[in-house]
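Before any single residue is discussed, a learner should ask how the features of a model are to be read. The dialogue below takes them in turn.

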Amino acid sequence: MNTYPLAPTDFQLIDEAKKKITLLYKEGKHHVSAALHTTSQNIVSAVHIEAYIGRVSVCAEAIAIGSAISNGESEFDAIVAVRHPHSDEVNQELKVVSPCGMCRELIYDYSPACFVILEIDGVLQKVKIEELIPLKYTRQG
């Protein structure tokens with residue numbers, strides 16, 4: 001997998017995701033936030049929505065993408081997700097986390113050139129979404 005160093009805007013993205021989850025964290029409701037940087041230089045952030053029935057929960061990345069699209073944005077440069085630990089966890093540090101498989105599909109579908117910011121071996125780096133979802137299903141096969 002090819003990795004790329006973070007740009008100054010990537011650190012702004014991480015900071016925005018951390019601010020969002022710190023502000024809106026609620027045990028059992030919101031423990032992941034996402035922030036994305038659009039090609040028009042805007043940052044859109046959101047928290048995930050957790051539900052008692054897990055399959056109706058919605059990931060933060062999906063909400064951020066939906067919000068961006070609903071406001072006229074159509075392409076994204078980079079996206080990051082940050083997890084707030086639950087109150088019973090010993091380590092209370094906010095951590096950058098990898099998007100789930102469904103979010104990887106969504107990111108790729110709406111912005112196939114997007115970078116995803118990850119922590120790999122303790123180092124924040126970014127990778128192209130296509131590398132996180134090899135052999136993706138498309139209409140072309």
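The following exchange moves from the overall fold to the cores, the hairpin and the salt bridges.

Q: What kind of model is this, and which elements does the chain contain?
A: This is a predicted model. The chain has 4 helices and 6 strands. Read from the N terminus, the order of elements is α-β-β-α-β-β-α-β-β-α.

Q: How compact is the chain, judged by its radius of gyration?
A: The value is set against what the globule rule gives for a chain of 141 residues. Here the radius of gyration is 15 Å and the rule gives 14 Å, so the chain is as compact as a globular protein of that length. The C-alpha trace spans about 45 × 35 × 30 Å along its principal axes.

Q: How much of the chain is buried, and what supplies the exposed area?
A: Of the 141 residues, 38% count as buried. The chain exposes about 8200 Å², of which carbon and sulfur atoms supply 54%. As for contacts with a separation of 6 or more, 53% are between residues 24 or more positions apart.

Q: Which residues touch the most other members of the largest nonpolar core?
A: In soluble globular proteins, nonpolar side chains tend to be buried together. In this model the largest nonpolar core holds 19 residues, and L36, I79 and V116 touch the most other members. Two or more residues each come from strand 1, strand 2, helix 2, strand 3 (76-83), strand 5 and helix 4. Helix 2 gives the largest share, 4 residues. There is also a second, separate core of 14 residues, including L13, I21, L94 and I117.

Q: With which residues is V116 in contact, leaving aside neighbours within four places in sequence?
A: V116 is in contact with I79, P99, Q125, K126, V127, I129 and L132. I79 is thus a contact of V116, and both belong to the residues that touch the most other members of the largest core.

Q: In what sense do strand 1 and strand 2 pair, and how many residues lie between them?
A: In a regular strand the side chains alternate between the two faces of the sheet. Strand 1 (residues 32-38) pairs with strand 2 in the antiparallel sense, over 5 bridges. Within this pairing, S33 stands opposite V47. The two strands form a hairpin with 4 residues between them, and Q41 in the turn has a positive phi of about 75 degrees.

Q: Why is strand 2 described as largely enclosed?
A: The reasoning counts its buried residues, buried meaning under 20% relative accessible area. In strand 2 (residues 43-47), 4 of the 5 residues are buried, so the strand is largely enclosed by the rest of the structure.

Q: How many salt bridges are there, and which residue does D10 join?
A: The count comes to 5 salt bridges. In one of them, D10 joins K126, with the closest N and O atoms 2.8 Å apart. This pair links distant parts of the chain, 116 residues apart: D10 is in helix 1 (residues 8-24) and K126 in strand 6 (residues 123-128). Both D10 and K126 are buried.

Q: Which parts of the chain does the salt bridge between K95 and E119 tie together?
A: The side chains of K95 and E119 meet at 3.4 Å, N to O. K95 belongs to strand 4 (residues 95-97) and E119 to strand 5 (residues 115-120), so the salt bridge ties together parts that are 24 residues apart in sequence. K95 counts as partly exposed at 32% relative accessibility, and E119 counts as partly exposed at 35%.

Q: Which residues are linked in a network of salt bridges?
A: The network links E105, D109 and K136. Within it, the side chains of E105 and K136 meet in a salt bridge of 2.8 Å, N to O. E105 lies in helix 3 (residues 101-110) and K136 in the segment after helix 4 (129-132), so this pair ties together parts 31 residues apart in sequence. E105 counts as partly exposed at 30% relative accessibility, whereas K136 is buried, with a relative accessible area of 12%.

Definitions and conventions:
Residues are numbered from 1 along each chain as its sequence is written. This is a predicted model: local features need pLDDT of at least 70, side-chain atom pairs count only at pLDDT 80 or more; totals for chains, interfaces and linings use all residues. Side-chain values use heavy atoms; hydrogens and water are left out. Buried means under 20% relative accessible area, exposed over 50%, partly exposed in between (1.4 Å probe, protein chains only). Two strands pair if DSSP finds at least two bridges between them. A salt bridge is a side-chain nitrogen of Lys or Arg within 4 Å of a carboxyl oxygen of Asp or Glu. The radius of gyration is taken over C-alpha atoms; the globule rule is 2.2 Å times the number of residues to the power 0.38. Contact means heavy atoms within 4.5 Å. Accessible areas come from the Shrake-Rupley method with a 1.4 Å probe; for residues, only the protein chains shown count as cover. A nonpolar core is a set of buried Ala, Val, Leu, Ile, Met, Phe, Trp, Tyr and Cys residues joined through side-chain atoms within 4.5 Å.
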